[in-house]
Amino acid sequence: MQIVILVLFEVLVVIGVSRLVGLAFRSIKQPLVIGEIVAGIMLGPSLLGLVAPDVSASLFPPETLPILNVLSQVGLIFFMFLIGLELNPKYLKGQLEVAILTSHVSILVPFSLGTLLAVGLYPVVSTAGVSFTAFALFLGAAMSITAFPVLARIITENNLQGTRLGTLALTCAAVDDATAWCLLAVAIAVAKSGNVTGAFPTIIEAVLYIGFMLTVGRWFLQRLATYYRRTGRLSQLMMAGIYMGVVASALITELIGIHLIFGAFLLGAAMPKNAGLVRDLAQKTEDFVLIFLLPVFFAFSGLRTQIGLINRPELWLMCLAVLGVAISGKYFGTYVAARVGGIKNREASALGWLMNTRGLTELIVLNIGLELKVISPLLFTMLVIMALVTTFMTSPLLEWTYPKRLIKLDMVTPAEEDETATDTTPTYRILVPVANPSTQKGLLQLAVAIALNHKYPALVHPLSLIELEEDYVFSNTPMEADRLIDVRRHQLEELIQSLEPPEARSYIRPIIRVSPNVARETAEIATLDQADLILVGWHRPAFSSNRLGGRVGQILSTAPVDVAVFIDRGALRLETLLVAYSANIHDDLAIEMALRLLVNHTNCRLRILHVVKEPQSKHELSYEFSSVMEQLPVTVRDRIEIEVVEAAEPIQFVIAASEHVDLTIAGTSRAWGIERQTLGRYTDELAIQCRSSLLITRRYSKVTSHLASILNESKIADEVSE
Amino acid sequence: MIPKFRSKSLAFYGGSIIFVLLLFKVVTAYGETSLHAPPALISQYRLNLDQNLNCSQPNPLMLNIQQSGIYLNGSLSVAMTETPKIPEKPTLSGMLANRQLSLSGKVRKNVFCPSASANSQDSVNIQSQLEGAGTLQGEMTITGIPTPLKFTAVAQKPSVADKAKSH
């Protein structure tokens, strides 16, 4: 009982630390799984064992290690099953010739370099009990791995899955993965038997089993899929059968002489890729495996990683050599093969960096090598470092060789911002983050009202960002991400079709993306797109009641564009407007918004409440304000009423005035109780008490004018009518 | 779904595969015949000193070795019937070359003598020869003792817990 308690405590620590470190890595735009691997290493002799050996020894005593081993093997088996499930032949669509050429060469080059490296390493880090052939095979296989799961996530997060580069990378990685697993199987067979000829029986048995699974097994699973299609759900009985199949298949491959993981992977790969069945199966299996069991595998692997073993300069040099061989083998192999296959320079380079990702798959291979004693703890540690470094470098290098702005030019599917419909470039753009299409009709209606002027083209971009929270979740695979994007697009289309007036609908172009960080991505898209304004709706954030907290607050604080927050109280018309003015730059933006609405809609009336505290500034309006007013045509000026009011409680005055209007517009200024505090949070006093719908404006750029595009027009119209 | 391969790509592809297979064959042939890795060392050796230390009740000593090819890390600990709860951090490091083992580093004084203090350390240098049947023969130099101490060490069968740890 004592051991069980200790193991459970270990699991508690492992999961907690993994999540924390994983989140830290997420915030620097790295995959979550790297954080989990690092967490495992930190809990082992490399960090915890070094700084607090007593804690380390009492936390992970030798008696608990066999139990952790069992848990991690179970986790690994089911994880490989999930990987097999995700491997969809649909990824092999198109460009197959280039993909097969590139991926196989991207295995051959690092493999040969690894073999040559083995010549140098064998006399120094291996022992006589290991045959050179097995050692060279393992080292070659370790150099040739590309982690398909990690790669798929990176591609999805960068929204590359629709591009030529993305599909090519996925195809290459899928072929690469399958080939590398075969190579690993051969390596294991050779390691266990000592030489190549001794491994032949094992290899033949393995091939026979694969054949069996892909024919008889598939046939049987097809019937399962048919049953699922008929009943529409995955019953527990079916799940029991499938899990038993996973374990049985794993046992069979272990008996054959290649590792447990192959059987599990094979069953996953043989599963018919009926979208609903695979999704249900994945969703039911992945949470427990990814959250509970896989971190135990990483911790177990981390317990065997001893960075302290690299305690001499020549050993660090060796580590660098391993790293150099791994990176150059993969990168140059892929690059040259892609160029031979006709891929352009920049794309081939990006592909090379993508294929360099080794991540989790490498760790699995290394652990098997260590178990079989083909590689020693020292070499194991060096290779783990190599796996981490190569995966870590992928995202930044991808951004460097293939920056996001080039991706738009490269869509395989029709671009979302296809602007051939309008003849002229739009003069005004509003970006509207839409979280929930069904409830934000008012928001979009307001955006249309602000943007659209009948004579000057403007564009409204409803932005729907699908947030990725965790790694390795089925919904993050490229196919599933595409499906979610389609669902959102459909919802947005429905919303757009319900807007008035009908002519406005062609000026609305949705942008739908996958993103790990909504606020950051919104800011980036606003910059890339040269949006003039971000119009966002309020929503109650999860942990506070501040209407300007949460994501809205993040966008308000970080977006390098003018922002307006709309708090919809259900007003159906936009005929009476109220602007609360306190001679502040944000309030100037409020006036600009109001004036745009006024110019665009001839039945709007505007009342500007200039609230002052001291009497002497009673009749002073800001310079900019006055000059703007002078530029307005008479027809517009007639509908404006300016009132200068002296009030001790400006907020209350505005609230009272808001009772009778359709929309109140105010800037983020202290006068209205809406201001930015030290940590970037905004207070929201006016927002809570305002009686009408409220638009809160925050100015970023002192240069952007929201009126320039329509003022000239109006002036000309004015002159014509005079 | 059979892809059409252009002849140039096919030639490149076929050539690469043949090249790599040949390379592998040649390299493994060379490796199997000409390259030799150092022999595997057992992880624990029980030390029997030929002379006595200046100590009333000297502890029986165990030499623990972690081998990574020719690079060795090790520690000296008190031999006990069960494995100690806290595994010794390796304090000795050295190399294995041509069956010659050398290790040097610091060892706490109370490993040698239970009555000595735990806080001070001796510098220890071990030079030994790997004999057949897993025995080591050599000498150990400890600070404070002018003449090197000869010893023989006998390999210990690894215990169950150790076996589990290596998995």
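Student: In this predicted model, why does A:Glu524 count as partly exposed?

Tutor: The relative accessibility of A:Glu524 is 27%, and since buried means under 20% and exposed over 50%, with partly exposed in between, A:Glu524 counts as partly exposed.

Student: What makes the meeting of the side chains of A:Glu524 and A:Lys29 a salt bridge?

Tutor: The N to O distance of the pair is 3.7 Å, and a salt bridge calls for a side-chain nitrogen of Lys or Arg within 4 Å of a carboxyl oxygen of Asp or Glu, so A:Glu524 and A:Lys29 satisfy the criterion. A:Glu524 lies in helix H21 of chain A and A:Lys29 in the loop between helix H1 and helix H2 of chain A, so the pair ties together parts that are 495 residues apart in sequence.

Student: How do you know whether A:Lys29 is buried, exposed or partly exposed?

Tutor: Its relative accessible area is 41%, which falls between the limits of 20% and 50%, and A:Lys29 is therefore partly exposed.

Student: Why is H9(A) called roughly parallel to H16(A)?

Tutor: The two helices of chain A pack at an angle of about 5°, with their axes 11 Å apart, and because angles under 35 degrees count as roughly parallel, that description applies to H9(A) and H16(A). Among the residues that make the contact are A:Trp181 and A:Leu184 of H9(A) and A:Ile364 and A:Val365 of H16(A), and the residues of this contact divide into six nonpolar, one polar and one charged.

Notes. Residues numbered from 1 in each chain as written. Chains lettered and ligands numbered in written order. Predicted model: local features only at pLDDT ≥ 70, side-chain atom pairs only at ≥ 80, totals over all residues. Heavy atoms only, no water. Axes fitted to C-alpha atoms, helices over the stretch in contact; angles between N-to-C directions. Helix = DSSP H or I, 4+ residues; strand = E, 2+ residues; numbered from the N terminus. Parallel < 35°, antiparallel > 145°, perpendicular 65-115°, else oblique. Contact = heavy atoms within 4.5 Å. Nonpolar A, V, L, I, M, F, W, Y, C, P; charged D, E, K, R; others polar. Buried < 20%, exposed > 50% of the residue type's maximum accessible area, 1.4 Å probe, protein only.
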